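Here are some notes to read alongside the model, written for someone new to looking at structures. Please keep the display open while going through the points.

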Amino acid sequence: MIYFRNVNLSFLDRQLFDRINWTIHPKSRIGLVGDNGTGKTTLFRVILGEVHPDSGFIDIPDLRQKKIGYLPQDMVELDAIGLMEFLRSKSGIAALEKGIRSLEEKIAAVSPNTHDYSELTRRYCDLSAEFSARDGYAFEARAKQILKGFGFREADFDKTCDSFSGGWKMRILLTAILLEQPDIMLLDEPTNHLDTESMEWLESYLKDYHGTILVISHDHFFLDKIATQIVELAHRRINIYKGDYTYFLAESQRRREALIKEMELQKTQIKKIEEFVERFRYKASKAAQVQSRIKMLEKFKEVQLESSSKTVAMRFPEGKKSVKEVVKAVSLGHSYGDLTVFSGLNFSLFRGDKVAFVGVNGSGKSTLSRLLSLSEQPCHGSVTYGDNVSMAFFSQESAQNLNYENTIWEEVQAVPSRANDQERRNLLGAFLFSGDDIYKQAGVLSGGEKSRLALLKIMLLDTNFLILDEPTDHLDIRTKDVFQNALIHYSGTVAIVSHDRYFLDHLVNKVFELKDGAITDYHGNYSYFIEKRASAAADTVGRDAHGGKAAHATLSLKDQKRLEAQERNRQSRIKTALKKELTAVEEKIAELEARKYAGEQTLCDPQALKDPAVIKGLHIDLKTVEKELEEAYHIWTELGCKLEEETADVRQS
């Protein structure tokens with residue numbers, strides 16, 4: 001449980017929290033949302049104890065016995081140590097191993113049947129039990145499983161942490177948090193540095209997580225998959241919605257409409273009472289009733305509608321109409337040294353297309369966007385523009401789009417555009433630049449602010465072809481909606497790289513997937529792509545399971561029945577063999593679990609702990625048993641899946 005009781009917090013003259021009362025129950029799945037600057041990250045820091053409220057308190061019972069895992073939004077720097085070494089240290093496994101070794105040495109040096117010996121063996125037993133409970137013997141296997149889920153390759157496991165780029169360092173830190181298995185997990189924009197496949201893996205992992213999860217996210221799909229409760233931080237208070245993000249959007253609108261009706265009803269009641277008072281104020285016979293109504297007016301608690309966040313409707317300027325075929329890629333290939341990113345890509349983008357380039361990290365999405373924008377030359381093939389194409393390119397590395405000596409306002413003023421000053425200021429406000437902020441130098445802005453300013457400048461240009469590489473990374477939901485709406489109504493062509501699935505789903509009409517150095521196109525939105533990709537994967541599994549053979553429609557009825565009978569017999573034999581294998585594996589698992597239990601019990605026996613050689617032998621045996629158990633569970637899972645597939649095939653045939 002986490003208790004917030006009348007929590008108030010201000011920074012300088014700005015109040016962030018006003019008497020916040022909130023109880024977070026164990027195993028909650030909470031999505032924390034709100035506009036930028038409302039204090040979401042600060043609220044996490046309050047839970048962590050890094051920031052203390054001005055008044056009120058936060059209570060986490062048994063805090064010393066609880067582990068809290070925190071993923072910050074900002075980039076982290078990691079030391080030049082091995083990846084596995086860092087994970088062992090960060091997750092606490094290294095400390096447990098060190099503690100166990102230290103106790104083994106102390107036990108060996110103390111005489112049996114003494115108080116010190118009993119105390120040491122008790123601590124040793126507790127530490128060994130914790131190590132086992134946290135799957136310490138299978139730590140490396142679990143670490144590799146999570147790393148692979150986040151897109152790391154086998155060759156990455158031997159690298160040092162400092163050799164990875166910023167986004168991959170965030171994945172390493174997230175891996176460490178998952179390995180630590182904290183009681184409370186605080187994740188601040190965890191999907192910012194993940195590709196869509198890694199997001200899907202994380203969603204699946206967190207679905208059955210045992211602890212409490214609080215996540216700050218602007219990802220609609222992610223919140224729908226993870227959260228069972230949305231908490232909105234707005235106007236210094238919190239509003240709780242018991243549902244996913246889609247429910248929150250509908251319910252918050254319903255609550256707002258109900259409040260508006262209540263306000264109107266209250267105004268009508270007040271008006272009637274005021275009219276009565278005014279009419280009979282000077283009549284002695286009505287004096288008591290007038291006084292009663294005056295008191296009624298004084299007791300009225302005015303229903304107020306908090307002003308909603310200001311929204312700005314913004315559209316791209318209408319550029320000249322381009323030819324039908326906007327850009328054509330022929331035999332396109334690119335390499336960096338010995339690494340071939342992709343080769344032999346052939347495709348065209350047509351006027352009005354809104355195309356998403358998707359694929360795992362490293363598949364070449366950003367490289368392709370640079371080649372299409374002509375900011376980088378391909379190693380092989382060509383990129384050709386049609387007539388009257390006016391292109392603008394937004395890169396993740398957008399520093400080249402800004403003059404750091406200029407103020408924000410000077411940068412916006414320097415863009416050749418038909419927009420007047422008021423329209424430019426409206427757009428600045430939509431992208432979270434307001435007041436005196438617009439006179440800051442571009443060079444002092446944060447990375448996110450620089451990206452937003454570069455994106456804003458593109459929105460002022462007269463274009464008919466946009467190439468956008470991760471444009472939504474630093475936009476909150478409100479700003480993202482403004483930008484998405486502008487793109488939807490944009491009459492030109494859009495090629496976009498983004499990991500925001502909701503953003504893509506409501507924008508694009510084509511998806512180009514980069515995979516294994518090749519490109520596949522899907523004519524539909526992102527949901528259509530996911531559906532077709534899953535269908536193709538199922539077909540591949542089906543062909544592999546049946547040896548790649550397909551039935552011929554031209555067979556006679558007799559031959560068809562004979563083949564069906566043969567197939568049923570084949571499936572029956574496979575099922576029998578699988579069941580036999582499954583039974584054998586289950587017996588092996590039972591035997592290994594019995595060995596593991598016996599070994600752990602022995603480790604807690606003071607008599608056995610008298611001999612360091614026995615202790616060492618027990619640890620070696622437990623490691624062996626854990627490894628064999630892990631392999632057995634893996635085989636058991638695979639056999640179970642195969643048996644289910646064969647059973648399903650029998651039902652269908």
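1. One open sheet has three strands in the order β11-β10-β13, and their pairing is antiparallel, where strands, like helices, are DSSP runs numbered from the N terminus (E, at least two residues, for strands; H or I, at least four, for helices). The edge strands, each pairing on one side only, are β11 (339-350) and β13 (380-385). On average, and with direction ignored, neighbouring strands of this sheet are turned by 15° against each other.

2. A word on the basis of these notes: this is a predicted model, in which local features need pLDDT of at least 70 and side-chain atom pairs count only at pLDDT 80 or more, while totals for chains, interfaces and linings use all residues. Residues are numbered from 1 along each chain as its sequence is written, and side-chain values use heavy atoms, with hydrogens and water left out.

3. Within the sheet, strand β10 (residues 325-336) is joined to β11 by eight bridges, and the two run antiparallel; two strands count as paired if DSSP finds at least two bridges between them. Glu325 stands opposite Phe350 in β11.

4. A second antiparallel pairing, over five bridges, links strand β8 (residues 229-234) with strand β9 (residues 237-241). Here Glu232 has Asn239 in β9 as its bridge partner. The two strands β8 and β9 form a hairpin with two residues between them, and His235 in the turn has a positive phi of about 55°.

5. How do helix α2 and helix α5 cross? The axes of α2 (residues 83-91) and α5 (residues 139-149) come within 11 Å and cross at roughly 105°, each axis being a line fitted to C-alpha atoms over the stretch in contact, with angles running from 0 to 180 degrees between N-to-C directions. The helices α2 and α5 are therefore roughly perpendicular, a term that covers 65 to 115 degrees.

6. In that contact (heavy atoms within 4.5 Å), Leu83, Met84, Leu87, Arg88 and Ser91 of α2 meet Phe139, Glu140, Ala143, Lys144 and Leu147 of α5. By class, the contact of α2 with α5 has six nonpolar, one polar and three charged residues.

7. The residues lining the largest cavity include Leu71, Met170 and His193. Helix α6 (residues 166-180) gives the largest share of this lining, three residues. A cavity is a set of points on a 1 Å grid over the protein atoms alone where a 1.4 Å probe fits but cannot get out, and lining residues have an atom within 4 Å of a point.

Notes
Parallel < 35°, antiparallel > 145°, perpendicular 65-115°, else oblique. Nonpolar A, V, L, I, M, F, W, Y, C, P; charged D, E, K, R; others polar. 1 Å grid on protein atoms, 1.4 Å probe; cavity = no way out; pocket = protein on both sides within 12 Å on 5 of 7 lines; lining within 4 Å.
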